Amino acid sequence: MRRREFILLISGAMVSSATAVAQQNNKKRLVGIITGFNDKEMMPAFAAFRARMQELGWIEGQNIAFDLRTASGDYAKVDREAQSLVAASPDVIVAQGTPGVTATRRYTKTIPVVFSQVSDPVGQRLIDSLARPGGNITGLANFEFESGSKWIELLLELDPKILHVTLIMNPANENAAQFVKVITAAGDAKKVSVRVSAVRDGPDIQDAIETYSKRSGGSLIVFPDGQLINHRELIVELAARYRLPAVYPFRIFPEVGGLLSYGPNFNAIFRRTAEYVDKILNGARPADLPVEQPTKFELVINLKAAKELGLTVPPQVLARADELIE
């Protein structure tokens, strides 16, 4: 082969290789998102996620597309949507909540998965360790189970006369047993009895709250769960009707009239989730991305709800609040 022909051949190969890389870089990537929330509840968090992705250079309709699957608290539907989403072969799947990630991992061990709002991912055997997740899954932890102790403390700070707490929980949630254990132990330490009420739908919720409201000195803790979030307006209305101080895991409860919440901020979590997705789309492996644990919880107090319950929020609690709703 002549030298000139060889140079032309090499040059052509380099151009073809560069073209292939450019085509790959310009390829529209697909990010699937699965959640137990409904569309309305998910929209603010999804908007925060999409905005952060755009800041990182991922423009919907140009180089990225999103496939959002919601389930409105129906865990059977979460499973069906996870199977369907995996079949669509996205580049990354964002799985919100323990039900979302456990359903997704049933159907794929290869597609990268970024979870958000999952408690104790190591204990649930979703990952090998926080520092080195291993496999195809990483993300952001949500609650530490010790948050249950904080909910008991907040209730007693607002109303020291509380004698018993009803924990409203969904027995289908994988985190239920651990939260029950921690909250029961916290109640014992404060000499407050804890009753666990397993609910599956609106009528169950209504029956539980009505039944446990008949004894004086009662209060509520609402477990962090997609199904209970879907019924938040019913829960808040019943707590007000029966004059039960209640603490909730997310700010969307006091936003509809609940007394107070202590938990992570959805929007902040989803902005950080976008950064994990960006790293994976740019070549990082989930196995090498450490899982982040929660470092910031927000306390939101609805002062109108407190007034209607005849409660005076102590100054030290007001000072710790991240937001007061009047």
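**Exercise 1.** In this predicted model, decide whether aspartate 67 and arginine 69 are buried or exposed, and find how their side chains meet.

*Solution.* Begin with accessibility: aspartate 67 is buried, and arginine 69 is buried as well. Then look at the side chains of aspartate 67 and arginine 69, which meet in a salt bridge with an N to O distance of 2.8 Å. This distance falls within the 4 Å cut-off for a salt bridge, and by that rule the count comes to 18 salt bridges.

**Exercise 2.** Classify aspartate 159 and lysine 161 by their accessibility.

*Solution.* The side chains of aspartate 159 and lysine 161 form a salt bridge at 3.4 Å, N to O. Aspartate 159 has a relative accessible area of 11%, and because buried means under 20%, aspartate 159 counts as buried. Lysine 161 stands at 62%, and because exposed means over 50%, lysine 161 counts as exposed.

**Exercise 3.** Check whether the span of α3 agrees or disagrees with its number of residues.

*Solution.* Helix α3 has 13 residues, which at 1.5 Å a residue should span 18 Å; the expected span uses one less than the number of residues. The end C-alpha atoms of α3 are 19 Å apart, which agrees. At the N-terminal end of α3, aspartate 74 acts as a cap, with a side-chain oxygen 3.0 Å from the backbone nitrogen of alanine 76.

**Exercise 4.** Locate proline 90 and state which residues beyond its sequence neighbours it contacts.

*Solution.* Proline 90 sits in the loop between α3 and β3, and is buried, with a relative accessible area of 6%. Leaving aside neighbours within four places in sequence, proline 90 contacts Leu30, Gly32, Leu85 and Ile111.

How values were computed:
Residues numbered from 1 in each chain as written. Predicted model: local features only at pLDDT ≥ 70, side-chain atom pairs only at ≥ 80, totals over all residues. Heavy atoms only, no water. Helix = DSSP H or I, 4+ residues; strand = E, 2+ residues; numbered from the N terminus. Buried < 20%, exposed > 50% of the residue type's maximum accessible area, 1.4 Å probe, protein only. Contact = heavy atoms within 4.5 Å. Polar contact = N/O pair within 3.5 Å; in protein donor to acceptor, adjacent residues only side chain to side chain.
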